[in-house]
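Reader: Hi! I am new to reading protein models, and I would like a close look at one single part of this one. Could you walk me through a loop and then show me how it fits into the rest?

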Amino acid sequence: MTEKEIKDEIIEETNETIETTEEIKDQLSCDEEIGKLKIEVEDWKNSYLRKQAEFQNFTKRKEKEFEDLKAFASEKVIVKVLDIIDNLERAISASAETKDFDSLVKGVELTLSQMKGTVASEGVEAIITERSAFDPHLHMAVAVEDSSEHENDEIMSEFQKGYKMKGKVIRPAMVKVCKK
């Protein structure tokens, strides 16, 4: 073998060694990168699981708060109604002692006025039916009758008052409607 061939062979072996070394370096870099990515994925997974658990706890807490709110939402109104019940009991007791029917009626009228004031303070208002047109959103027709004194679909009489609370119908008025 000539010196040139030996040099070429050495260069070729050196190049192969360099290539192998670079491949090993690349493989090590890839393995390191994969390891880093695995750690990062594990961190993200743990973070996700923590956030999911926090959200479940938040949801349970809000559901409990909502249930408590529903359970005690009427407390303020009930306390007002209890005052009215007390007044009715006083009126009955006083009229039983005095046997005065007029004072009983006056006491009941005052209590009714107090009750109307209480529901009005909560945003409750009566639905007007007198001489108005039938509206199925506000009224429930329980009877119909032909009448020359009323227009078609005009309310003739009211059997039970209807009420709205803050604009929402909570009980439609039961009415008799004129149908021609």
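Author: Happy to! Let us start with Asp146, which is found in the loop between strands E2 and E3. Strands here are DSSP runs of E with at least two residues, helices are runs of H or I with at least four, and both are numbered from the N terminus. Before going on, please note that this is a predicted model, in which local features need pLDDT of at least 70 and side-chain atom pairs count only at pLDDT 80 or more, while totals for chains, interfaces and linings use all residues. Residues are numbered from 1 along each chain as its sequence is written, and side-chain values use heavy atoms, with hydrogens and water left out.

Is Asp146 buried or exposed? Its relative accessibility is 55%, so Asp146 counts as exposed. The cut-offs are under 20% relative accessible area for buried and over 50% for exposed, with partly exposed in between, using a 1.4 Å probe and protein chains only.

Now look at the partners of Asp146. Leaving aside neighbours within four places in sequence, Asp146 is in contact with Lys179 and Lys180, where contact means heavy atoms within 4.5 Å. Val177 is 31 residues away from Asp146 along the chain, yet their C-alpha atoms are separated by 8.4 Å.

Glu149 sits in the loop between E2 (139-145) and E3 (155-160) too. With 64% relative accessibility, Glu149 counts as exposed. Try finding Glu22 from there: Glu149 and Glu22 are 127 residues apart in sequence, and their C-alpha atoms are 106 Å apart in space.

That distance leads us to the whole protein. There are three helices and six strands, arranged along the sequence as α-α-α-β-β-β-β-β-β. The radius of gyration is 43 Å, well over the 16 Å that the globule rule gives for 180 residues, so the protein is more spread out than a compact globule. This radius is taken over C-alpha atoms, and the rule is 2.2 Å times the number of residues to the power 0.38. Along the principal axes, the C-alpha atoms fill a box of roughly 140 × 55 × 20 Å. Buried residues make up 13% of the 180 residues.

Finally, a few buried residues to find: in helix H2 they are Ile84, Ala91 and Ser95. Helix H3 (101-121) is included in what covers them. Just after H2 comes Lys99, with a positive phi near 55°.
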